[in-house]
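The exercises below are to be worked with the sequence and the 3D structure at hand. Each task is followed by a solution in steps.

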Amino acid sequence: MFNFKEHCKKESTDSKIKFEEKGKSIVFVNSARKPYIKVQVDGCQIVDGEKCDNLLVDEEVGNEYFVELKGTDVAHALRQLDRSISLLSDKDNNHKYVRSYIISTNVSPKVSSKIQLFIKKWSKTFDKRFSLTIKENRYEVML
């Protein structure tokens, strides 16, 4: 079960749930207008150490969408997501899936081994219910 700080979360039934920062954005298309919880992770839910920017949660099913909007340092984004998932994910829910997203201004192939290790670690934790998507600048996700 999720235990988010009240002032860090907001329910949304918007048809398009958007997170954006410095020219980078991700839009979650919520055609059914289901209720989702938007969590401001960076500076609110987690105030110290590495943390991703945002989290979107389907409380009904438990699906989690971790978001990091990043400049060019994808390796740092992986560390931020890793810590955020460690601290915030509901690991007791065996039916949900965890999706993580890095929206970067430049995706460098230099971090491919770190990406593979990250995916391997969390795929083991969540079985086949885990994924990582890395895109440049803008991305749209159908919920």
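**Exercise 1: The cysteines**

At 0% relative accessibility, Cys52 counts as buried, where buried means under 20% relative accessible area, exposed over 50% and partly exposed in between (1.4 Å probe, protein chains only). The model is predicted, so local features need pLDDT of at least 70 and side-chain atom pairs count only at pLDDT 80 or more, while totals for chains, interfaces and linings use all residues. Residues are numbered from 1 along each chain as its sequence is written, and side-chain values use heavy atoms, with hydrogens and water left out.

Task: Determine which cysteines form a disulfide, and state why Cys52 has no bond to the closest cysteine sulfur.

Solution.
1. A disulfide is a pair of cysteine sulfur atoms within 2.5 Å. The structure holds 1 disulfide.
2. Cys8 and Cys44 form this disulfide, with their sulfur atoms 1.9 Å apart.
3. Cys8 belongs to the segment before β1, and Cys44 to the loop between β4 (36-40) and β5, so the pair ties together parts that are 36 residues apart in sequence. Strands (E, at least two residues) and helices (H or I, at least four) are DSSP runs, numbered from the N terminus.
4. The torsion about the S-S bond of Cys8 and Cys44 is about -90°, so the disulfide is left-handed.
5. Cys8 is buried at 4% relative accessibility, and Cys44 is buried with a relative accessible area of 12%.
6. For Cys52, the closest cysteine sulfur is in Cys8, 12 Å away, which is too far for a bond.

**Exercise 2: The sheet**

Task: Establish the order of the strands in the sheet, and explain why one side of β1 and of β8 is left without a neighbour.

Solution.
1. The sheet is open and has 6 strands in the order β1-β4-β5-β6-β7-β8, with mixed pairing. Two strands pair if DSSP finds at least two bridges between them.
2. β1 (9-12) and β8 (130-136) stand at the edges with a single partner strand each, so one side of each lacks a neighbour in the sheet.
3. From one strand to the next, the twist averages 20°.
4. β4 and β5 pair in the antiparallel sense over 4 bridges, and Ile37 stands opposite Val57 in β5.
5. β5 and β6 also run antiparallel, joined by 4 bridges; the bridge partner of Val57 in β6 is Glu64.
6. The hairpin of β5 and β6 has 6 residues between the strands, and Gly62 there takes a positive phi near 100°.
7. β6 (residues 64-70) and β7 (residues 98-104) pair in the parallel sense over 7 bridges, with Tyr65 opposite Arg99 in β7.

**Exercise 3: Helix α1 and its surroundings**

Task: Compare the expected span of α1 with the distance between its end C-alpha atoms, and identify what its buried residues pack against.

Solution.
1. The expected span of a helix is 1.5 Å times one less than its number of residues. For the 15 residues of α1 this gives 21 Å, and the end C-alpha atoms are 21 Å apart, which agrees.
2. Buried residues of α1 include Val74, Leu78, Leu81 and Ile85.
3. The buried residues of α1 pack against β5, β6, β7, α2 and β8.
4. Both faces of β5 are covered, with Asn54 and Leu56 buried on one side and Leu55 and Val57 buried on the other.

Terms used
Axes fitted to C-alpha atoms, helices over the stretch in contact; angles between N-to-C directions. Contact = heavy atoms within 4.5 Å.
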